[in-house]
Amino acid sequence: MKNSKLFQRILLVAIGVVLAILLIGILITGNKKEKAMKVGLIITGSVDEQGWNSAHYRGVRYACEKLGTELLVKEHVPEDSDSCAKAVHSLVKEGASMIILSSYAYPSLMRDVIQSYPDVAFYGISAEYYADNMTSYFGRMYQARYLSGVLAGRMTQNNSIGYVAAMANSEVNRGINAFTLGVRSVNPEAQVHVIWTQAWDDREKEEAATERLIEEFEVDLITYHQNQHFVAIAADKAGVYSIGYNEMEEGLSERYLTASVWNWEELYCKIVRERLTGEANNIKRHWFGIETGAVGLGEYSPLVPEELRQEIAHVKSFMAENSVFSNVIYDNTGQLRCDNGESLSDEVLLEKMDWYVEGVVLHE
């Protein structure tokens with residue numbers, strides 16, 4: 001009987017010790033949650049402006065909220081090495097283990113900086129530079145551009161179409177070429193007149209280019225590759241058709257026919273998830289096609305006929321098995337760039353698009 005009571009006392013003491021240890025453990029660590037991974041985003045403009053920068057911000061914010069990560073943003077970072085380097089250093093200091101470089105020139109400017117942070121996963125938009133810790137990502141916007149070209153080729157009345165473009169690099173050139181191929185697939189007589197602004201954001205230059213295209217080249221439809229919607233607004237005021245870019249602009253008339261739009265949300269979910277699962281930078285590039293929903297056309301204006309909408313839908317279905325840049329393609333100097341039965345490789349499209357297809361007319 002005494003032994004039984006002694007055993008019970010020892011057991012109670014042991015239980016008390018275990019509970020005390022557990023309580024101490026809870027007090028020390030139990031209330032501490034694992035810190036959320038921090039994702040850094042660098043943009044050239046503001047999170048509030050309508051267009052390229054705000055669309056990226058909303059996409060990354062959506063991914064971070066969905067996946068439980070913390071978002072750090074650096075706004076108004078020009079495409080120059082000093083500004084971008086400072087932004088990267090600041091994000092790393094704040095704890096970012098993944099940094100998204102959302103403008104074309106950032107990755108190439110940041111080669112040395114990227115290599116100096118081997119434990120940070122970098123993702124660069126439409127990059128032509130790669131590293132062990134730097135992956136390029138983009139959507140096949142040229143597919144949406146081609147569809148918008150079909151629309152433009154059908155809607156133009158005088159076969160003169162305008163294109164306001166930021167600068168001549170593979171990304172912008174690829175869009176111009178795809179758009180023009182779409183135009184001429186339904187309207188071989190049409191020409192696409194291109195004026196450069198040499199800037200992603202310059203309202204004055206974009207408005208001047210729009211005015212010149214209308215007055216000097218008598219275009220009756222204009223599209224653009226710029227960060228914001230200044231061209232569409234100017235075209236609308238002039239009574240000219242326009243096709244937007246990045247996202248649909250609000251408040252314009254029915255002459256705003258549609259836009260080549262991005263859906264960054266799921267794209268950013270994919271690459272942020274890669275970092276969370278330890279699979280970041282496992283491949284050289286991501287290039288998401290129209291079938292993923294990453295790119296496409298926005299809502300149509302009531303001025304776009306139903307039969308044209310059906311035609312564009314048919315062309316989109318055709319893209320599932322066929323490249324926009326395939327079969328016979330001549331450039332605007334008469335040189336054969338792609339022959340019957342051939343398709344241009346992704347490498348050419350991403351890194352070597354330094355020429356323009358037949359039908360493109362360049363202006364200084």
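Which residues of β4 are buried on one side, and which on the other? Keep that in mind as you open this predicted model and follow the stops below.

**Stop 1: strand β4**

Select residues 121–125, which make up strand β4. Colour A121, Y123 and I125 in one shade, since they belong to one side. Give F122 and G124 a second shade for the other side. There is your answer: these residues are all buried, and both faces of β4 are covered. Five of the five residues in this strand are buried, so β4 is largely enclosed by the rest of the structure.

Now add the partners. Show strand β3, residues 96–101, which runs parallel to β4 and is joined to it by four bridges. Look for I99 here: it stands opposite F122 of β4. Then show strand β5, residues 134–139, which also runs parallel to β4, again with four bridges. In this pair, Y123 stands opposite T135 of β5.

**Stop 2: helices α6 and α7**

Two packed helices are described by the angle between their axes and the distance between the axes. Select α6 (residues 141–155) together with α7 (residues 170–186). Their axes are 6 Å apart, and the helices pack at an angle of about 40°. That angle makes α6 oblique to α7. Turn the view and you can follow α6 as it passes α7 in a right-handed crossing.

To see where they meet, show side chains on both helices. On α6, the residues to pick include Y142, R145, Y146 and G149. Facing them from α7 are residues including R174, A178, F179 and L181. What classes of residue make up the contact of α6 with α7? There are nine nonpolar, six polar and three charged residues.

**Stop 3: helices α8 and α9**

Next, select α8 (residues 203–216) and α9 (residues 230–237). Here the axes come within 9 Å and cross at roughly 40°. α8 and α9 are therefore oblique to each other, and α8 passes α9 in a right-handed crossing. Click on R203, E206, E207 and T210 of α8, then on F230, V231, A234 and A235 of α9, to see the residues that make the contact. By class, four of them are nonpolar, one is polar and three are charged.

**Stop 4: the seven-stranded sheet**

Switch to a cartoon view and trace the strands in the order β12-β10-β9-β8-β6-β7-β15. These seven strands form an open sheet with mixed pairing. Which strands stand at the edges? They are β12 (295–297) and β15 (360–363); each has a single partner strand, so one side of each is left without a neighbour in the sheet. On average, neighbouring strands of this sheet are turned by 20° against each other, direction ignored.

Zoom in on β9 (residues 241–246) and β10 (residues 256–262), which run parallel and are joined by five bridges. One place to look is S242, whose bridge partner in β10 is Y256.

**Stop 5: S260**

Finish with S260, a residue of strand β10. Is S260 buried or exposed? Its relative accessibility is 0%, so S260 counts as buried. Now display what surrounds S260. Leaving aside neighbours within four places in sequence, the contacts of S260 include M141, A144, R145 and S148. Also among the contacts of S260 are I243, G244, Y245 and N246, as well as G296 and L297. You have already visited some of these: R145 and S148 are among the α6 residues that meet α7.

Terms used:
Residues are numbered from 1 along each chain as its sequence is written. This is a predicted model: local features need pLDDT of at least 70, side-chain atom pairs count only at pLDDT 80 or more; totals for chains, interfaces and linings use all residues. Side-chain values use heavy atoms; hydrogens and water are left out. Two strands pair if DSSP finds at least two bridges between them. Helices (H or I, at least four residues) and strands (E, at least two) are DSSP runs, numbered from the N terminus. Axes are lines fitted to C-alpha atoms, for helices over the stretch in contact, and angles run from 0 to 180 degrees between N-to-C directions. Angles under 35 degrees count as roughly parallel, over 145 as roughly antiparallel, 65 to 115 as roughly perpendicular and the rest as oblique. A crossing is left-handed if the near helix is turned anticlockwise from the far one by less than a right angle, and right-handed if clockwise. Contact means heavy atoms within 4.5 Å. Ala, Val, Leu, Ile, Met, Phe, Trp, Tyr, Cys and Pro count as nonpolar, Asp, Glu, Lys and Arg as charged, and the others, Gly among them, as polar. Buried means under 20% relative accessible area, exposed over 50%, partly exposed in between (1.4 Å probe, protein chains only).
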